[in-house]
Protein chains: 2
Amino acid sequence: MTQPLRIALAGLGTVGGGVIRLIETNGTLIARRAGRALEIVAVCARDRSKDRGVDLARYQWEDDMTLLAERGDVDVVVELVGGADGPALALARRTLGAGKGLVTANKAMIAHHGMELARIAEEAGAPLKFEAAVAGGIPVVKGLREGAAANRIARIYGILNGTCNYILSTMEQSGRDFAEVLKDAQDLGYAEADPAFDIEGIDAAHKLAILAGIAFGGRIDFAAMEISGITRIRSADIAQAAALGYVIRLIGLAESEDGCLFQRVQPCLVPRTHPLASVDGPTNAVVVEGNFSGRLLFQGAGAGDGPTASAVVADLIDIARGDTGSPFSVPVAALDSLPPADSGGRRARAYLRFTVTDRPGVLAEITAAMRDAGVSIESLIQQGRPEEGGEVLVAMVTHEGPESGVARALELLEGSASITERPLVMPLLG
Amino acid sequence: MTQPLRIALAGLGTVGGGVIRLIETNGTLIARRAGRALEIVAVCARDRSKDRGVDLARYQWEDDMTLLAERGDVDVVVELVGGADGPALALARRTLGAGKGLVTANKAMIAHHGMELARIAEEAGAPLKFEAAVAGGIPVVKGLREGAAANRIARIYGILNGTCNYILSTMEQSGRDFAEVLKDAQDLGYAEADPAFDIEGIDAAHKLAILAGIAFGGRIDFAAMEISGITRIRSADIAQAAALGYVIRLIGLAESEDGCLFQRVQPCLVPRTHPLASVDGPTNAVVVEGNFSGRLLFQGAGAGDGPTASAVVADLIDIARGDTGSPFSVPVAALDSLPPADSGGRRARAYLRFTVTDRPGVLAEITAAMRDAGVSIESLIQQGRPEEGGEVLVAMVTHEGPESGVARALELLEGSASITERPLVMPLLG
């Protein structure tokens with residue numbers, strides 16, 4: 001057995017503690033599988049005195065995080081500090097620049113700076129791995145980069161944020177409203193005190209951007225990502241979707257279209273028979289559609305210290321075994337620049353929900369706008385009982401048509417005195 | 001870019017044709033990802049003149065398959081001949097012995113001779129890979145060997161045979177009987193003309209044995225595998241299960257118990273809320289339970305030329321990228337010999353179905369045997385309307401208890417004049 005893989009750990013939050021516990025618990029087993037031991041040499045975090053439930057005495061403490069990258073007794077730095085920029089990015093640059101491996105769970109940093117970091121890694125011949133940045137413990141980066149490597153990927157989509165999925169599936173099961181369920185999720189630790197990153201779809205978008213980069217061999221272009229969150233979904237929408245045979249899930253979807261890249265995070269109506277419809281709670285699931293593999297589904301815990309540590313250590317084992325391939329499957333220099341696809345031409349059936357004042361002529365106004373924009377309505381449901389505040393919900397499902405048609409109809413309705421809130425539009429996942 | 005990975009292909013059936021088509025279709029993409037081209041150099045099959053829908057003229061034809069292993073212009077042999085022994089095994093031994101890589105879809109060969117072949121591979125420093133041998137296009141060997149490598153695996157289980165799953169889910173949806181649906185499956189190409197390997201559970205057992213070897217770090221012991229197929233399941237069983245909130249699936253399950261290995265393929269009742277319950281048609285799905293990852297699910301097409309070729313070529317890409325790790329994660333010499341677990345002590349709720357003659361006292365006889373064996377009945381359903389031949393079905397679900405109790409009750413009922421067929425026992429998947 002060769003010498004241990006020597007690891008420095010930056011960041012000792014829940015995931016950092018999980019990594020230490022995992023290596024302590026499964027160390028012997030891991031050494032057999034990896035062919036060498038994983039040895040944590042040094043650690044660094046903001047507060048040395050905090051009780052983390054693990055014994056840190058056996059590891060060297062480094063006060064200045066970036067010095068981890070300089071240590072001669074370290075082969076790989078595990079970055080669990082978080083934040084797209086700042087100390088995490090500085091550490092990543094220095095680590096890879098020094099020819100050491102970097103393993104990170106930092107989706108924001110990879111989504112924004114993954115190209116730069118991969119270039120440094122490739123130039124230095126150092127491994128850069130980020131399985132834990134996407135979908136917690138699910139080995140989907142590996143599944144895509146290696147398992148599905150023989151395939152031209154048609155599209156990749158899935159449930160990438162456990163907080164949103166917990167909220168939506170709980171709203172569905174309990175009939176309660178968004179705000180109330182969010183509060184519960186916060187109390188249970190499924191949502192942060194400041195939940196914006198999750199519920200606005202940003203976190204899912206970071207993960208989708210990373211997956212899309214690997215799937216389509218394009219440079220990550222996070223600015224081109226279209227993002228809507230789940231904050232405007234009401235229990236009435238969920239009930240309406242249920243009546244139509246659908247559930248609502250926040251879906252991140254990326255697709256290659258004639259050399260362009262479509263990438264969007266938004267709530268969608270998912271048919272109850274679709275494998276993603278039965279994904280409840282904080283679970284994540286990703287579907288990869290390859291031209292030979294067909295549809296592959298990867299599902300598991302999307303967050304939590306154990307699952308995320310499992311992904312971090314899987315990366316470490318890969319490095320211990322000698323994996324030093326391109327982080328994004330294809331060398332950065334060979335990645336394409338994929339222009340954003342024109343989403344207006346995308347065809348879908350769509351769910352539209354209007355909140356309107358309960359007065360004569362509203363329906364005529366809405367349906368006329370649909371007609372004028374060439375949008376064909378498949379079914380229309382006006383809710384009988386008014387919501388709080390006297391407003392009434394009007395929901396409809398359109399026939400399949402271009403998104404630009406729906407957008408045009410909503411433009412025609414802008415400024416309508418009867419419509420009290422920006423209409424909610426969700427495509428039906430086909 | 002380094003020189004191409006030079007491949008010889010033995011066996012040109014549907015999967016062999018799929019591999020050629022895949023490499024021809026996605027070759028440029030694959031070369032970018034693998035860092036080098038995959039180049040098929042030579043091929044070999046029984047009949048040179050057969051039309052396979054692919055142009056073989058550009059490849060050298062080898063009449064004697066084992067000579068593929070000797071060619072100086074070949075780096076890896078892809079074995080798609082099939083059969084646990086005979087020519088496939090001879091080719092595998094010679095290929096690895098000559099220090100060349102071997103990629104195979106041959107589950108029977110790996111289940112029976114995987115240890116020997118892995119030893120030859122490890123001694124020669126040659127890669128041996130068999131992703132396509134388990135669950136078609138689903139990268140579950142990789143998911144287990146690498147993605148979940150940080151975990152102690154508690155158990156692994158899943159739907160490993162597409163033919164059985166097609167039959168069971170079709171029986172469920174159509175209410176038709178086994179024989180009729182099997183016939184359809186044969187007509188549709190989902191079942192072989194001789195379906196025994198599939199419907200008796202042997203094929204699933206081969207796959208489970210391979211997964212269990214990787215998951216638990218034990219030498220494969222196929223003889224210790226407990227195997228029951230699906231031939232005795234009636235539409236009445238499926239209806240009964242449905243009434244209780246379950247579906248019936250052929251489940252392969254392996255579990256480590258105090259240093260012993262439990263491994264069994266048998267039909268089980270799966271709660272309708274379980275992710276495996278919604279796996280319909282010829283799909284496969286595997287659940288891996290790790291001590292840090294939690295429950296991971298891998299799902300996709302379990303067979304077919306495209307998916308299987310996708311797995312074969314994923315292995316080739318791994319080899320092209322330089323992966324030469326131990327085929328079973330741990331070097332063969334370090335694998336444990338795990339004795340078979342005593343399954344009698346396993347606790348489960350169980351579904352029991354008796355076929356009985358419709359006469360007084362039958363129920364008393366059965367329930368007395370249950371009582372005497374200490375088996376507690378949770379619910380009992382006697383079917384009112386007799387089946388063909390005048391027999392009546394009596395189904396019951398037991399409370400959780402040891403399997404040995406149920407076995408004892410059935411022993412007590414052996415030779416009963418009222419029971420017309422060996423009772424069917426299926427555990428409820430917990």
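**Sheet in chain B**

I started with an open sheet of four strands in chain B, where the order runs 15-16-14-18 and the pairing is antiparallel. I noted who stands at the edges: strand 15 (377-382) and strand 18 (424-427) of chain B each have a single partner strand, so one side of each lacks a neighbour in the sheet. I also looked up the twist, and neighbouring strands here are turned by 15° against each other on average, direction ignored. Note to self: this is a predicted model, so I'm reading computed geometry throughout.

Next I checked one pair. Strand 15 of chain B joins strand 16 (residues 391-398) of chain B through five bridges, in the antiparallel sense. Within that pairing I found L380(B) opposite M396(B) of strand 16.

Then I asked what packs on the sheet. Helix 11 (residues 362-372) of chain B does, touching strand 14 (350-357), strand 15 and strand 16 of chain B. I get about 145° between the direction of helix 11 and that of strand 14 of chain B. Helix 12 (residues 403-413) of chain B lies across strand 14, strand 16 and strand 18 of chain B, and helix 12 runs at about 10° to strand 14 of chain B.

**N26(A)**

I moved to chain A and looked up N26(A), which sits in helix 1 (residues 14-34). Buried or exposed, I wondered about N26(A)? N26(A) has a relative accessible area of 1%, so I put it down as buried. Which residues does N26(A) contact, leaving aside its neighbours within four places in sequence? My list is A150(B), N151(B), R152(B), N291(B) and F292(B). I also took a C-alpha separation: N26(A) and L68(A), 42 residues apart along the chain, are separated by 24 Å.

**Nonpolar core**

I pulled up the largest nonpolar core and got 174 residues. Those with the most contacts inside this core are I167(A), I210(A), F328(A), I167(B) and F328(B). I picked F328(B) and skipped residues up to four places away in sequence; F328(B) touches ten-odd names I wanted on paper, including I110(B), M115(B), F130(B), I210(B), I214(B) and L335(B).

**Cysteines**

I searched the whole structure for disulfides and came back with zero over all chains. Why no bond for C164(A)? The closest cysteine sulfur to that of C164(A) belongs to C268(A) and is 12 Å away, which is too far for a bond. C164(A) is buried, at a relative accessible area of 0%. I looked at C44(A) too, and C44(A) counts as buried at 3% relative accessibility.

Definitions and conventions: Residues are numbered from 1 along each chain as its sequence is written. Chains are lettered from A and ligands numbered from 1 in the order in which they are written. This is a predicted model: local features need pLDDT of at least 70, side-chain atom pairs count only at pLDDT 80 or more; totals for chains, interfaces and linings use all residues. Side-chain values use heavy atoms; hydrogens and water are left out. Helices (H or I, at least four residues) and strands (E, at least two) are DSSP runs, numbered from the N terminus. Buried means under 20% relative accessible area, exposed over 50%, partly exposed in between (1.4 Å probe, protein chains only). Contact means heavy atoms within 4.5 Å. A nonpolar core is a set of buried Ala, Val, Leu, Ile, Met, Phe, Trp, Tyr and Cys residues joined through side-chain atoms within 4.5 Å. Two strands pair if DSSP finds at least two bridges between them. Axes are lines fitted to C-alpha atoms, for helices over the stretch in contact, and angles run from 0 to 180 degrees between N-to-C directions. A disulfide is a pair of cysteine sulfur atoms within 2.5 Å.
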